[in-house]
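Q: Could you walk me through one part of this model up close? I'd like to see how two of its helices sit against each other, and what that has to do with the ligand.

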Amino acid sequence: MNKDNREYNLYSQSSRANVYETYAQMREKSPILAVDGLPSSMWFVTGFEEAKHILAHHKQFVKDYRKTLPEAEAQQLNLETELFKLLNYNLLGVDAPDHTRLRTIVSKAFTHRRVLALQRRIQQITDELIDAFPEDGEIDLIDRFTFQLPIVVICELLGVPVEDRDQLRMWSNTFVEGSYSYAQEMMEFFRYIAQLVAERRDKPQDDLISALVQAEENDERLNGRELYSMIALLIVAGYQTTINLITNGMLALLQHPDQMRRLQESPDLTATTIEEFLAL
Ligand code: HEM
């Protein structure tokens, strides 16, 4: 473990300019390390074996880093602001019993019917996007496909207007990567979510935001802040990860044409191929 060696500041200009180099150095030098600029009780795990071990033994770890933060540091950081709570009171930032409660609510909203309908719709959107590719010439795979597919799916699932996708992309990037006007942009994001919630409260639809709003109204086990935080998490987690999976997977196949051919000849290898992509 590399706790004392805090030379990586992911938010510095030079790290941002050479982000892949920084990640490679982090991975190679220390698969478990603390990063400058983040709370000292927060760890980055970049090694495959180490990450697998932690996921398999998740009960021995906490998600809420405030629990293991030294008192003096906790006082220095602004942990009680409304923005901090909006950003962290979700499945990625809380432990049981809150985690169990939030997980139960969101699982109920992901009904079998909704997921089945989604599967058909994902195929349809995929076909439409591919059909719109030009017959010849180059395309930007991210702009034309890997961004479009997951963002349209998550917007339709949640009930967020698809026309807002470019704005959502900007907010999500800020959420994940930070920015100089982070607080202001994130508060705008949450105001946007509050507006969607207000609209669904007035006029419920057959979408996930309406289902979550009903969970909040019915059994009072999801408070307003948790509701906003959950929606923000679903928007961000629901498409950033998928963009990276499809884009990195496609790049790997293009760099390994023999593997691309194997997959084209035996499509039943798709599931194992995706497992490999996830480990990239
Ligand atoms: C290739 C796609 C994806 C990858 C690689 C991925 C990866 C992950 C990982 C590693 C975690 C665990 C994080 C942690 O516990 O600290 C996680 C959690 C989560 N992901 Fe994803 N994810 C993907 C797609 C999605 C999608 C499409 C959604 C939403 C529709 C989503 C929503 C969530 C949520 C809500 C959690 C928190 C779950 C919990 O703590 O109970 N993810 N994801």
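**Where two helices meet**

A: Let's start right at the contact in this predicted model. On one side, helix 9 brings Pro 150, Ile 151, Ile 154 and Leu 158. Facing them from helix 13 are Ile 231, Leu 234, Ile 235, Gly 238, Tyr 239, Thr 242 and Ile 243. Sort the residues of this contact by class and you get nine nonpolar, two polar and no charged.

Now for the geometry. Two packed helices are described by the angle between their axes and the distance between the axes. Here, helix 9 (residues 148-158) and helix 13 (residues 224-255) pack at about 155°, and their axes are 9 Å apart. Angles over 145 degrees count as roughly antiparallel, so helix 9 runs roughly antiparallel to helix 13. The crossing of helix 9 past helix 13 is right-handed.

So where does the ligand come in? Look at what surrounds it: Leu 91, Leu 92, Arg 103, Ile 154, Leu 233, Leu 234, Ala 237, Gly 238, Thr 241, Thr 242, Leu 245 and Leu 278. Helix 13 gives the most to this shell, with seven residues. Some names should ring a bell: Ile 154, Leu 234, Gly 238 and Thr 242 are in the helix contact and also around the ligand. By class, the ligand's shell has eight nonpolar, three polar and one charged residues.

Zooming out, the domain assignment splits the chain into domain 1 (1-77) and domain 2 (103-278). The C-alpha centres of those two domains lie 26 Å apart.

Note on methods
Residues are numbered from 1 along each chain as its sequence is written. This is a predicted model: local features need pLDDT of at least 70, side-chain atom pairs count only at pLDDT 80 or more; totals for chains, interfaces and linings use all residues. A residue is near a molecule or strand if its C-beta atom, placed from the backbone, lies within 6 Å of it. Helices (H or I, at least four residues) and strands (E, at least two) are DSSP runs, numbered from the N terminus. Ala, Val, Leu, Ile, Met, Phe, Trp, Tyr, Cys and Pro count as nonpolar, Asp, Glu, Lys and Arg as charged, and the others, Gly among them, as polar. Domain bounds come from an automatic or database domain assignment. Axes are lines fitted to C-alpha atoms, for helices over the stretch in contact, and angles run from 0 to 180 degrees between N-to-C directions. Angles under 35 degrees count as roughly parallel, over 145 as roughly antiparallel, 65 to 115 as roughly perpendicular and the rest as oblique. A crossing is left-handed if the near helix is turned anticlockwise from the far one by less than a right angle, and right-handed if clockwise. Two residues are in contact if their C-beta atoms, placed from the backbone, lie within 7 Å.
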